Protein chains: 2
Amino acid sequence: MKKRTQPAARADVVVVGAGLAGLNAARLLRARGLSVIVLEARDRVGGRTWSAPMGRAILDRGGQWVGPQQHRLLALVRELGIETFPTYDTGAKLMDLRGELRSYEGTIPSLGALSLLDLHLGLRKLDALTDRVTRPALDTPDALRLDATSVETWMQANIHTEAARAVTAAALRVVFGAEPAEISLLYALDYARAGGGLMKLVEVRGGAQERRFVQGAQSVAVAMAAALEDTLVLNAPVRRIDQSAPGAPLQIGSDAGTFTADHVVVALPPALAGGIEYRPALPPPREQLHQRMPMGATVKIHLLYDRPFWRERGLSGEAVFDRGPVSVVFDNTSHDGAQAALLAFIVGDPARTWSLRPEGARRDTMVRLMARLFGSDAAHPTDYIEIDWSTEPWSRGCPVGVFAAGAMRVASPAMQAPTGRIHWAGTETATEWTGYMEGALQSGERAAGEITGAR
Amino acid sequence: MKKRTQPAARADVVVVGAGLAGLNAARLLRARGLSVIVLEARDRVGGRTWSAPMGRAILDRGGQWVGPQQHRLLALVRELGIETFPTYDTGAKLMDLRGELRSYEGTIPSLGALSLLDLHLGLRKLDALTDRVTRPALDTPDALRLDATSVETWMQANIHTEAARAVTAAALRVVFGAEPAEISLLYALDYARAGGGLMKLVEVRGGAQERRFVQGAQSVAVAMAAALEDTLVLNAPVRRIDQSAPGAPLQIGSDAGTFTADHVVVALPPALAGGIEYRPALPPPREQLHQRMPMGATVKIHLLYDRPFWRERGLSGEAVFDRGPVSVVFDNTSHDGAQAALLAFIVGDPARTWSLRPEGARRDTMVRLMARLFGSDAAHPTDYIEIDWSTEPWSRGCPVGVFAAGAMRVASPAMQAPTGRIHWAGTETATEWTGYMEGALQSGERAAGEITGAR
């Protein structure tokens, strides 16, 4: 894919952002006979999916999993001829609780009997609350009270053992890239509902982490973009969208020139959509939404090895931590085993301070951690690769935008509503699998449908 | 003040934003012998203070009061020869509680005995919590739990009568332009601490609303700018700040050209500072701060009359409401009585939907409300003037940026810390009278001190 220097300056629809949401909108609009121009700020497509050579394989700096309920993504993958493979999930998992390592099988870590009971009851309460969430979530009975409550406040009142709270918090941190204190309880419940329940979000087998992409998750966006190449403009951050002239086409000002269109799809997270200048000024609900959905903080780290030695010891490579810096570790070895890899996520509070430390100190910390988990073989990785998504100017955080307490009542009603001829997409606007690749596709489909009048 | 077309392209310090924070920083830096250029996005100075002719007087679309504890502002006002006058505060106030009007004297509305006791106890609890808040607030014992709690959640647990909750909520709504659900309890407490206690924030006599400015509050900024005129560039929104070249001057890209400086003071609310492109990318704590301090929502409405007829009936003009759209009404008659005016604040939830209604319907609603409060004389205003601060592109809300639950732990440590040679000002960064004109001055003073090494 190369940058076009003379793109068409006029189309029926300009799509802002060549992540999965924008590309899916563009693909569906073209299939329905509309002309489309896709403007992308980066020099690549894929947004928060971004695959790169690491050692002898292509691995993922960004989103990387697909689950069995993600029907749009699975159908698209089949259509595009993209191969997936099961996430490695054999063997024991490790849990580091108050500095003590223990191993377990299945999804729920082994805790003391009381903590385990507490955890089960806590998760059951969350499931029961999730089942009560309607669409839209603000129609849920007691919605404003649930939205006024942070997940942390709820956990303090409803989960009573430190260990059970720690496990719940670790799971939520990784899902949102945020501390439980930062998350509206109603938002967490609605997010869980959109993915079929909290356990679906955190599980490997049967859940959102079940399979990976042989060529990396970005291959989905790359294949979609290939069919759109003549309409795709890279290195074209959009600065201004002007729909102030009644009846006239919209003007879209970008670093690659000005484009005109009858409709615009803005397929960006709200935190980035707020960086565009709109004429006329956005109505207050939309403007205030853009200020109220900060991105989570996630640092994703790969340590490469000659072979996946942990598997030989009956370990899955998965580990969960109750305190920082790392929240969770996974085996991220390539599909053919050619490149062994362990993957660590640093999320929430420690993610925000991690990149302030010297690079050598960061690497040393990770290597020591892996050696503690998996033995001395882990002390000598062949490579160490980290990406701090908060410093990516065209994402500003990962995996997803998060509503804090009180933000759903403000921002949620504006989430999908078009503003004149501006249509809003991006996985944050999805009502199914919000925050996931599947949600991005669904949001693009919805935005395209708003324009063509189709479902 | 006119726009300079050929400003100096180089200065010791470039100040971004000609609100009170930026102007005070510029003034102090110049007094210490440094050269300064002030870049302002609007065609005027003053930021969230903005005075305009209304009928036979100049009244305030934005911030308008000064309290007796605001020493910097009072000293500056004396120095600049600006006149103030006491806010009209004589006579009975009105409270609309569940649709029933009652009148009262003093600061605390008349409620039933049980509600009144409940309100006093609730305010005493808030005062006790405020007294425990340290500087920085995150050092307060139990800070993370207080930050994880929204003010709404706290009120539900600690104030037991609907009437007392309604009065507390109405006061907080006006102070922050936000619903109690949107506000971190720790932030509310720290904000109250910065102003000497919650009651100081809401009181007229002895509090933050004690006096007004004869020529409008913007006269302070206008007088400061007059002394800076040769260095002030209007219509110059800053788009890019580049400090990526080590040892070289910073490059500041604006719509009025590129400027260079050894230091930059960004004197904007965090929500607007996030709209600037920084090179290199900001460190994660600062970047995530910019995403986590949305602006409150405030619509400020004036109704002009031939005379302040409510005064003749022994009414102060002040009224408080437990439900929307209006939260509070004040007498805003000019200092000399030449222009009678009532002022209504619509804040929080109703402010976000108010401008979506037809203009005629908005005006009718306000006129009916005033007639209900003050009788049939109020049914015929000579003019109706409203400003919705959420739609002001260079403010995006008012009066202040607000931390939701969980945001203090993330963002507060980055609030004042310079990023290389970028210094951060604006009333949100103040530690005294945060959110007020006084806080803006204090923040500019602090930023100037960082550069000159003075206190």
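Which residue is the bridge partner of Gln251(A) in β13(A)? That partner is Thr260(A), and point 1 sets the pair in its sheet. Please keep in mind throughout that this is a predicted model.

1. **Strand β12 of chain A and its neighbours.** A good place to start is β12(A), whose side chains alternate along residues 250-254. Leu250(A), Ile252(A) and Ser254(A) face one way and are buried, whereas Gln251(A) and Gly253(A) face the other way and are not buried. Strand β11 (residues 238-242) of chain A runs antiparallel to β12(A), and four bridges join the two. Across that pairing, Ile241(A) is opposite Ile252(A). On to strand β13 (residues 257-267) of chain A: five bridges link it to β12(A), again in an antiparallel arrangement. The connection from β12(A) to β13(A) is a hairpin of two residues, and Gln251(A) pairs with Thr260(A) between these strands.

2. **The nonpolar core.** The largest nonpolar core holds 306 residues, and the members that touch the most others are Val14(A), Ala25(A), Val14(B) and Ala25(B). If you want to look at one of them, try Val14(B). Leaving out residues up to four places away in sequence, Val14(B) touches Ile37(B), Leu39(B), Ile252(B), Phe259(B), Ala261(B) and Val264(B). As general background, nonpolar side chains in soluble globular proteins tend to be buried together.

3. **Two domains in chain A.** The domain assignment splits chain A into domain 1 (10-48 + 218-282 + 419-452) and domain 2 (51-89 + 207-216 + 296-391). Taken over C-alpha atoms, the centres of domain 1 and domain 2 of chain A are 30 Å apart. Eleven residues of domain 1 and 15 residues of domain 2 of chain A make up the contact. On the domain 1 side, the elements giving two or more residues are α9 (218-226) and α16 of chain A. Sorted by class, that side of domain 1 of chain A has six nonpolar, three polar and two charged residues.

4. **How the chains meet.** Between the chains, 41 residues of chain A are in contact with 41 residues of chain B. The chain A side draws at least two residues from each of α4 (143-148), α5 (151-158), α11 (284-290), α13 (349-354) and α15 of chain A. By class, this side of chain A comprises 18 nonpolar, twelve polar and eleven charged residues.

5. **Symmetry of the pair.** Chain A superposes on chain B by a rotation of 180° with 0.0 Å of shift along the axis, at an RMSD of 0.0 Å. The two copies are therefore related as by a two-fold rotation axis. The same surface serves both copies, as 100% of the contact residues of chain A recur in chain B.

6. **Helix α11 of chain B.** Is this helix enclosed or open? Eight of the eight residues of α11 (residues 284-291) of chain B are buried, so the helix is largely enclosed by the rest of the structure. The buried residues of α11(B) are Pro284(B), Pro285(B), Arg286(B), Glu287(B), Gln288(B), Leu289(B), His290(B) and Gln291(B). Their cover comes from both chains: it includes α10 (270-273), α13 and β19 of chain A, along with α10 (270-273) and α15 (407-411) of chain B.

7. **Positive phi values.** Two residues deserve a look on your Ramachandran plot. Trp433(A) is not a glycine, yet its phi is positive, about 50°. Trp433(A) sits in the loop between β20 (422-425) and α16 (437-452) of chain A, and it counts as buried because it has 27 C-beta neighbours inside 10 Å. Arg98(B), also a residue other than glycine, has a positive phi near 50°. Arg98(B) belongs to the loop between β7 (92-97) and β8 (100-104) of chain B, and it counts as exposed because it has 9 C-beta neighbours inside 10 Å.

8. **Cis peptide bonds.** Finally, two peptide bonds to check by eye. Cys398(A) and Pro399(A) are joined by a cis peptide bond with omega about -5°. Pro399(A) lies in the loop between β19 (383-388) and α15 (407-411) of chain A. In chain B, a cis peptide bond with omega about -5° joins Arg135(B) and Pro136(B), and Pro136(B) is in the loop between α3 (113-132) and α4 (143-148) of chain B.

Technical notes. Residues numbered from 1 in each chain as written. Chains lettered and ligands numbered in written order. Predicted model: local features only at pLDDT ≥ 70, side-chain atom pairs only at ≥ 80, totals over all residues. Buried ≥ 20, exposed ≤ 12 C-beta atoms within 10 Å, placed from the backbone. Contact = placed C-beta atoms within 7 Å. Nonpolar A, V, L, I, M, F, W, Y, C, P; charged D, E, K, R; others polar. Least-squares fit on C-alpha atoms with pLDDT ≥ 70 in both. Core = buried A, V, L, I, M, F, W, Y, C linked by C-beta atoms within 7 Å. Domains from an automatic or database assignment. Pairing = 2+ DSSP bridges.
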